[in-house]
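Subject: Structure handover

Hello,

Here is the structure for your files. My notes on what was found in it follow below.

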Amino acid sequence: MSDGQVTIELTSDEALVLSHWLEKLQMMDLSQVVDDPAVWAPIHRIAGTLDKTLPELFASDCEERLEAARQRLRPED
């Protein structure tokens, strides 16, 4: 971490679910959800990075893939 960069590793399922949630978040007035505007830049950067690296987001069956990923990530009762 000497270059000032932080790397976060996510599974494909985690990345897909997080990307979808971030997209919904960005469509809202962020000031209602995030009390510090300094947080907005990292939110946008993470969302943009996920958009560029997840071809599943643009697949015709994206909703099905998203729901399957959510099911796999939810803890079993």
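Tryptophan 40 is found in helix H3 of what is a predicted model. With a relative accessibility of 27%, tryptophan 40 counts as partly exposed, because that class lies between the 20% limit for buried and the 50% limit for exposed. Setting aside residues up to four places away in sequence, tryptophan 40 touches Leu30, Ser31 and Val34. Between the C-alpha atoms of tryptophan 40 and lysine 24 the separation is 14 Å, and the two residues are 16 apart along the chain.

Confidence comes next. The protein chain has an average pLDDT of 89, and 96% of its residues score at least 70. The lowest confidence is in helix H2 (residues 30-33), where the mean is 78. Helix H4 (residues 62-73) has the highest, at 95.

On the overall fold, the protein chain holds 4 helices and 0 strands, and along the sequence the pattern reads α-α-α-α. The C-alpha trace spans about 35 × 35 × 30 Å along its principal axes. Of the contacts with a separation of 6 or more, 61% are between residues 24 or more positions apart. Among the 77 residues of the chain, 23% count as buried. The exposed area of the chain is about 6100 Å², and carbon and sulfur atoms supply 54% of that.

The pocket may be of use to you. The largest one has a volume of about 480 Å³. It is lined by 18 residues, of which Val6, Thr7, Ile8, Ile46 and Thr49 are the closest to its centre. Helix H1 (12-26) and helix H3 (40-53) each supply at least two residues of this lining, and H3 gives the most, with 6 residues. By type, the lining of the largest pocket divides into 9 nonpolar, 7 polar and 2 charged residues.

Three further residues were looked at one by one.

Histidine 20 has its place in helix H1. Its relative accessibility is 19%, so histidine 20 counts as buried, the cut-off being under 20%. Apart from neighbours within four places in sequence, histidine 20 is in contact with Glu63, Leu66 and Arg70. Those three contact residues belong to the range 62-73 given for helix H4.

Glutamate 23 is also placed in helix H1. Here the relative accessible area is 43%, so glutamate 23 is partly exposed. From glutamate 23 to glycine 48 the distance is 9.4 Å, C-alpha to C-alpha, with their positions 25 residues apart in sequence taken as the separation.

Leucine 54 lies in the loop between H3 and H4. Is leucine 54 buried or exposed? Leucine 54 is buried, because its relative accessible area is 6% and the class requires a value under 20%. Leaving out neighbours within four places in sequence, the contacts of leucine 54 are with Ala15, Leu16 and Ser19. For one of these, alanine 15, the C-alpha separation from leucine 54 is 7.9 Å, across 39 residues along the chain.

Regards

How values were computed
Residues numbered from 1 in each chain as written. Predicted model: local features only at pLDDT ≥ 70, side-chain atom pairs only at ≥ 80, totals over all residues. Heavy atoms only, no water. pLDDT = per-residue confidence, 0-100. 1 Å grid on protein atoms, 1.4 Å probe; cavity = no way out; pocket = protein on both sides within 12 Å on 5 of 7 lines; lining within 4 Å. Points joined across faces, edges and corners; volume = space filled by probe spheres on them. Nonpolar A, V, L, I, M, F, W, Y, C, P; charged D, E, K, R; others polar. Buried < 20%, exposed > 50% of the residue type's maximum accessible area, 1.4 Å probe, protein only. Contact = heavy atoms within 4.5 Å. Areas by Shrake-Rupley, 256 points an atom, 1.4 Å probe, with all protein chains shown as cover.
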